[in-house]
Amino acid sequence: GQTAWGEPIEEKTVVTDDEGVADFGQLAPGNYVAEEVDVDLEKYLPVAPQSFTITGDEEDGQIIELNFENKPIDSLEISKQDGTTGEELPGAKLLLTDKETGEIIDQWTSTETPHMVSGLEFGRVVILRETLPPEGFATASEVEITVGSQEKVVMVDELTQVVISKQDAAGSEELEGASLRVIDPVTMEVMDEWISGGEPHMIEGLVEGKEYTLIEDQAPIGYRIAKSINFTVGVDSEVVMVDEHVSGVETGDFNYILPLFVLAVLAAGVMAAAAIRRRWRRDA
């Protein structure tokens with residue numbers, strides 16, 4: 001470091017005693033850095049250097065105590081977190097294996113607190129895998145870890161995402177005004193429903209690996225209702241439903257016929273009323 005009057009401080013090395021204490025004795029006022037220069041890295045994780053300042057203003061002198069805590073390298077803290085909240089995510093099934101041999105070192109289900117794995121060998125390369133994410137989350141990518149390189153590993157899960165696009169068969173632009181819904185084909189539960197707009201619609205939190213059905217209940221005026229589409233979360237990240245233009249009046253096209261039917265009924269009513277009125281006048 002450097003003294004308060006700008007002179008460099010000569011490097012000094014002290015070995016810890018039986019109680020783990022290294023006493024550097026009296027030091028001149030100034031700025032210092034204390035660091036470990038010799039620790040058994042086959043047993044313990046190294047600790048970052050620490051800076052401290054001696055002012056020399058105190059009447060009885062100034063005592064500085066620094067704590068260096070070397071954690072054993074045979075342990076690893078593994079945290080499974082929600083990518084949205086940053087909090088621990090319970091319910092994920094995790095597996096830790098040896099990269100070289102494939103041996104299973106540990107397997108567990110995540111809880112509201114990080115998981116500790118002990119008895120690891122320094123320098124050993126291990127693989128952290130998620131075998132089953134919590135419902136509504138996508139499986140995270142595996143993580144490769146060299147034992148001793150870090151104390152804590154964080155694996156993050158994001159919500160599943162499926163993008164649904166409603167398009168005109170004549171082009172690739174979004175088609176507005178279609179009434180759509182996604183259901184669970186087993187329970188018939190409606191997972192989401194909306195009217196298509198100028199941008200694709202995103203659904204989050206569907207169960208990975210599960211099949212759902214996209215249904216069009218009503219097409220925009222001038223279009224036929226499209227056939228329903230089955231898709232699987234995780235396999236299909238984007239679903240495109242296309243609507244065809246209606247060419248003339250076609251049997252069974254309710255969206256097109258309904259307005260004409262209403263007009264025809266109204267016209268028939270008006271004509272019938274006029275005929276009755278004329279007949280009444282002739283009889284009178």
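## Close-up views of a predicted model

**View 1. Valine 239 and the neighbours it touches.** Leaving aside residues up to four places away in sequence, valine 239 touches Val162, Val163, Ile164, Ser165, Leu214, Ile229 and Phe231. Keep in mind that this is a predicted model. Valine 239 sits in strand 17. Is valine 239 buried or exposed? Its relative accessible area is just 5%, so valine 239 counts as buried. For a sense of distance, take proline 200: valine 239 is 39 residues from proline 200 in sequence, and their C-alpha atoms are 9.6 Å apart.

**View 2. The two faces of strand 17, and its partner.** Strand 17 has a covered face made of Val239, Met241 and Asp243. Glu238, Val240 and Val242 make up the uncovered face. Alongside runs strand 11, parallel to strand 17 and joined to it by six bridges. To pick out one of these pairings, look for lysine 166, whose bridge partner in strand 17 is methionine 241.

**View 3. The largest nonpolar core.** This core has 15 residues. Which of them touch the most other members? Those are Val162, Ile164, Val182, Trp194, Leu206, Leu214 and Phe231. Two or more residues apiece come from strand 11 (161-168), strand 12 (179-183), strand 15 (211-218) and strand 17 (238-243). A second core, separate from this one, has 14 residues, including Ile78, Leu120, Val126 and Ala140.

**View 4. Tryptophan 194 and its surroundings.** Zoom in on tryptophan 194, one of the core residues that touch the most other members. Setting aside residues up to four places away in sequence, its contacts are Ile164, Ala178, Ser179, Leu180, Arg181, Val182, His201, Ile203 and Leu214.

**View 5. The hairpin of strand 12 and strand 13.** These two strands run antiparallel, with five bridges joining them. One pairing to look for is arginine 181 with glutamate 193, its bridge partner in strand 13. Six residues lie between the strands of this hairpin. Methionine 188 is in that loop, ahead of strand 13 (190-195). What is odd about methionine 188? Its phi is positive, about 65°, even though methionine 188 is not a glycine. As a rule, most residues other than glycine have a negative phi. Methionine 188 is at 53% relative accessibility, so it counts as exposed.

**View 6. Threonine 160, tucked into a loop.** Threonine 160 belongs to the loop between strand 10 (152-157) and strand 11. Loop or not, threonine 160 is buried, because its relative accessible area is 4% and the cut-off for buried is under 20%. What does the side chain of threonine 160 reach? The backbone oxygen of leucine 206, at 2.6 Å. Leucine 206 also appears among the residues that threonine 160 touches, a list that leaves out residues up to four places away in sequence. The others are Gly136, Phe137, Ala138, Ile203, Glu204, Gly205, Glu208 and Val233.

**View 7. Aspartate 236, in another loop.** The loop here is the one between strand 16 (229-232) and strand 17, and aspartate 236 lies in it. With a relative accessible area of 28%, aspartate 236 is partly exposed. Not counting residues up to four places away in sequence, aspartate 236 touches Val162 and Phe231. Val162 and Phe231 may look familiar, since both are in the largest nonpolar core. Glycine 209 and aspartate 236 are 27 residues apart in sequence, with 9.6 Å between their C-alpha atoms.

**View 8. A stacked aromatic pair.** Searching the whole structure turns up two aromatic pairs. In the one shown here, the ring centres of tyrosine 32 and phenylalanine 52 are 5.3 Å apart and the planes are at 10°, so the pair is stacked. Tyrosine 32 is in strand 2 (residues 30-34) and phenylalanine 52 is in strand 3 (residues 50-54), so the pair ties together parts that are 20 residues apart in sequence. Both tyrosine 32 and phenylalanine 52 are buried.

**View 9. Zooming out to the whole protein.** There are 17 strands and one helix. Of the 284 residues, 26% are buried. The protein exposes about 18700 Å², and 50% of that comes from carbon and sulfur atoms. Among contacts between residues at least 6 apart in sequence, 52% join residues at least 24 apart.

Notes: Residues numbered from 1 in each chain as written. Predicted model: local features only at pLDDT ≥ 70, side-chain atom pairs only at ≥ 80, totals over all residues. Heavy atoms only, no water. Core = buried A, V, L, I, M, F, W, Y, C linked by side-chain atoms within 4.5 Å. Buried < 20%, exposed > 50% of the residue type's maximum accessible area, 1.4 Å probe, protein only. Helix = DSSP H or I, 4+ residues; strand = E, 2+ residues; numbered from the N terminus. Contact = heavy atoms within 4.5 Å. Areas by Shrake-Rupley, 256 points an atom, 1.4 Å probe, with all protein chains shown as cover. Phe/Tyr/Trp six-rings, centres within 6.5 Å; stacked < 30°, edge-to-face > 60°. Polar contact = N/O pair within 3.5 Å; in protein donor to acceptor, adjacent residues only side chain to side chain. Pairing = 2+ DSSP bridges.
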